[in-house]
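Reader: I have a model to read and some terms I do not trust yet. Could we go through them one by one?

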Amino acid sequence: MKKNIVFDLDGTLLNTLEDIAISANFALVSLGFQPQESAKYRYFVGEGVFKLFENIFASNVQTPELIQQAVTLFETHYTKQFNQNTKLYEGVSKMLSFLQKRNFKMAILSNKPNSFTKMCAIKYLRSWKFDVVYGVREGVPRKPHPRGALEICELLHVKPNDCYYLGDTMIDMKTANSAGMIAIGALWGFREENELREHGAQYLVQTPSDVIKLLAEV
């Protein structure tokens, strides 16, 4: 039975956008750049912190040194204020409780740095049992490379095609499909329906309650 599910974190379980924007803008201003509107971060995030600043600086002259400076400033600031505005999306608590009651094995795979991923999980998700919580780790390619997802399957002792993957961006849909998982696109997150459809979503869900309906018969 397919009672296994991997979740993305930002934009799927947690609405982290405002806190990410605040810390990224702190880094930008500290380096002499203009801050970005919070809404723009919906399209900057999803591929890790280094790529976040590559996206922000796309129209400017950028160097690896400048981006690393921004990353360092961001990470120092985010560590102190990651929990000021972040919260679970409406319905996520009910969804996780339902899946746990139904004995689903649950895991998290994020492109957030591993330390931040675990920090957020401890702060916001400690009421539920996650068998594996992984962010970006040294030596492991970030999503959409399938390695992290496949490692989770090995740790859960399940086949990839017996595992659902719920995420809100094309990165998540690509990850799920490259790993051979069942891709579910979360429409309450950071991106739009077209992006999720075009990149391989096998199911689309408007709310966490729709996940319950989808998996109720599993």
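Reader: What makes a contact in the protein chain, and what share join residues at least 24 apart?

Author: A contact means heavy atoms within 4.5 Å. Among contacts between residues at least 6 apart in sequence, 64% join residues at least 24 apart. This is a predicted model, in which local features need pLDDT of at least 70, side-chain atom pairs count only at pLDDT 80 or more, and totals for chains, interfaces and linings use all residues. Residues are numbered from 1 along each chain as its sequence is written, and side-chain values use heavy atoms, with hydrogens and water left out.

Reader: Why is the protein chain called as compact as a globular protein of its length?

Author: The radius of gyration is taken over C-alpha atoms, and the globule rule is 2.2 Å times the number of residues to the power 0.38. For 218 residues the rule gives 17 Å, and the radius of gyration of the protein chain is 17 Å, so the chain is as compact as a globular protein of that length.

Reader: How do you know that both faces of strand S1 are covered?

Author: Buried means under 20% relative accessible area (1.4 Å probe, protein chains only). Asn-4 and Val-6 on one side of S1 are buried, as are Ile-5 and Phe-7 on the other. In the whole protein chain, buried residues make up 50% of the 218.

Reader: What makes S1 and strand S4 a pair?

Author: Two strands (DSSP runs of E, at least two residues) pair if DSSP finds at least two bridges between them. Four bridges join S1 to S4, and the two run parallel. Ile-5 stands opposite Met-106 there. S1 also pairs with strand S6 in the parallel sense, over three bridges, where Tyr-164 is the bridge partner of Ile-5.
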